[in-house]
Amino acid sequence: MQNETLQPRRRFLKTAAGSGLAGLAGWAGLAGAQSFDFKPNQRYPDPSVLILDPSFARYRIYSSTVEQLGTGMRWAEGPVYFPEGGYLLCSDIPNNRLMKYDEKTGKFTVHKQNANFANGNTRDRQGRLITCEHSVTRRVVRTEKDGRMTVLADSHEGKKLNAPNDVVVRSDDTVWFTDPLFGINGEWEGSRATPEQATTNVYRIAKDGKLSAVITDLVNPNGLAFSPDEKKLYVVEWKGTPNRSIWSYDVSADGASVSNKTKLVDADGPGALDGFRVDRDGNLWCGWGFSGAFSPEPTDVGGGMKAHLPLGKSEEMDGVKVFNPQGKPIGFIRLPERCANLEFGGPKRNRLYMTSSHSLYALYVEAHGAV
């Protein structure tokens, strides 16, 4: 019975991905990418969900397994859930499009083409989409309920932003986003360009639209999120020294600045942090994978060649790593692809959506998104 249910869906995904999913949205633009079949675990509990500390057991649902909801992307990012419509949007950056997963129908389709290499997305307190356009336009925009676009930020002190990456909205309606170089330092996630900002910053957009740089000393800040009480701001430093890290900051009483920079999580060598979300208990659910680091010394690989071999194994590191509020690793969700970002969704905010390289995965957990 299980195979009879899964096979039509697999055929659907393969067909959709082979045409770039474009036909499903009436769009014949950019091609898609390689799709990947996925075989869910048949037995409970799912062996992909690892308990690193007994405290994580309360968040694992015994009879829930990892599901693949869609595939055929080139680099999946920026998931955001809309409870009013029961759907999730995510970015497929190299294909320059936004994708949509509809919970009611199970369909995975193109939502928007020519998305200015959208990366991070979030939903403001009024239910509007806020997007980091990662390259070319290099700005943060809001999609109004009638479809109009409002530019929230595109420059700082008269100079263009670098490449807005990830974004979060605080309960006071201020918008916070990171601005590394990823969208302009090559041709894969946009177009190469010379940065105009002297530093890679974390910015805050006030309710009156004023833009201020609240953090200026991180090298390529990436994912960011607030603690459930919003008294702390967490930020990933992608190019930290010596490893990628999550830094914790105290947020001022007026919510306008941060202080007391403290390292909360160290990725520990070849580990790669990216986007993350915080649950109501203050745990950090982090996109995780192999950083691609390689040995400085070459090794004989045969055929008269010597190669600089990787310092880690992707198959052992790709997934979601969960840390408690003190920065201790307590759980891990193993995925067949590296997870760049994630989002809590579903009517109860207990369905963890994971954008992972080519595919979108999901897992029901006994945790709920803080926002």
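Me: A residue is buried under 20% relative accessible area, exposed over 50% and partly exposed in between. Why does Lys328 count as partly exposed?

Reply: The model is a predicted one. In it Lys328 has 43% relative accessibility. That value falls between the cut-offs of 20% and 50%, so the label is partly exposed.

Me: What makes the contact of Lys328 with Asp53 a salt bridge?

Reply: The side chains come to 2.8 Å, N to O. The limit is 4 Å between a Lys or Arg side-chain nitrogen and an Asp or Glu carboxyl oxygen, so the pair of Asp53 and Lys328 qualifies. Asp53 sits in the loop between strand 1 (49-51) and strand 2, and Lys328 in the loop between strand 25 (319-323) and strand 26 (329-334), so the contact ties together parts 275 residues apart in sequence.

Me: Why is Asp53 called buried?

Reply: Its relative accessible area is 14%. Because the cut-off for buried is under 20%, Asp53 meets it.

Me: How many salt bridges does a search of the whole structure find, and what distance does the pair of Glu343 and Arg277 show?

Reply: The search gives 18 salt bridges. For Glu343 and Arg277 the distance is 3.0 Å, N to O, which is within the 4 Å limit. This pair links distant parts of the chain, with Glu343 in strand 27 and Arg277 in strand 21 (residues 271-278), 66 residues apart. Both Glu343 and Arg277 are buried.

Me: Which residues are joined into one network by salt bridges that share partners?

Reply: The network holds Asp124, Arg128, Arg142 and Glu144. One of its contacts is that of Glu144 with Arg142, at 2.8 Å, N to O. Glu144 and Arg142 are both buried.

Me: How do you know that strand 27 is mostly covered?

Reply: The count is 5 buried residues of 5. Asn341, Glu343 and Gly345 point one way, Leu342 and Phe344 point the other way, and all of them are buried.

Me: What makes strand 27 and strand 28 a pair?

Reply: They are joined by 5 bridges and run antiparallel. Pairing needs at least two bridges, so the criterion is met. Within this pairing, Glu343 has Tyr353 of strand 28 as its bridge partner. The two strands form a hairpin with 5 residues between them, and Gly346 in the turn has a positive phi of about 80°.

Me: How many bridges link strand 28 and strand 29?

Reply: Strand 28 (residues 351-356) and strand 29 (residues 359-364) share 6 bridges in the antiparallel sense. Thr355 stands opposite Leu360 of strand 29.

Me: Why are strand 2 and strand 27 placed at the edges of their sheet?

Reply: The open sheet has 4 strands in the order 2-29-28-27, with antiparallel pairing. Strand 2 (67-71) and strand 27 (341-345) each have a single partner strand, so one side of each lacks a neighbour in the sheet. Neighbouring strands here are turned by 25° against each other on average, direction ignored.

Me: By the ring rule, how many aromatic pairs are there, and why is the one of Phe182 and Trp238 called edge-to-face?

Reply: The count comes to 13 aromatic pairs. Phe182 and Trp238 lie 4.9 Å apart, centre to centre, with 70° between the planes. Because pairing asks for centres within 6.5 Å and edge-to-face asks for planes over 60 degrees apart, both conditions hold. Phe182 is in the loop between strand 14 (175-179) and strand 15 (201-205), and Trp238 is in the loop between strand 18 (232-237) and strand 19 (245-251), so parts 56 residues apart in sequence are tied together.

Me: Are Phe182 and Trp238 buried or partly exposed?

Reply: Phe182 has 13% relative accessibility and is buried. Trp238 has 24%, so with the cut-off at 20% it counts as partly exposed.

Me: Which residues form one aromatic cluster?

Reply: The cluster consists of Phe56, Tyr59, Trp285 and Phe344.

Me: What makes Leu309 eligible for a nonpolar surface patch?

Reply: Its relative accessible area is 34%. Patch residues need over 30%, so Leu309 passes that cut-off. Together with Val301 and Met305, Leu309 makes a patch of about 250 Å². Leu309 is in the loop between strand 24 (305-307) and helix 2 (314-317).

Me: Why is Gln42 called exposed?

Reply: Gln42 has 63% relative accessibility, and the cut-off is over 50%, so the label follows. Gln42 lies in the loop between helix 1 (2-18) and strand 1. Its C-alpha atom is separated by 39 Å from that of His134, 92 residues apart along the chain.

Notes: Residues numbered from 1 in each chain as written. Heavy atoms only, no water. Axes fitted to C-alpha atoms, helices over the stretch in contact; angles between N-to-C directions. Patch = residues over 30% accessible without salt bridge, like charges linked within 9 Å, V, L, I, M, F, W, Y side chains within 5 Å. Areas by Shrake-Rupley, 256 points an atom, 1.4 Å probe, with all protein chains shown as cover. Buried < 20%, exposed > 50% of the residue type's maximum accessible area, 1.4 Å probe, protein only. Phe/Tyr/Trp six-rings, centres within 6.5 Å; stacked < 30°, edge-to-face > 60°.
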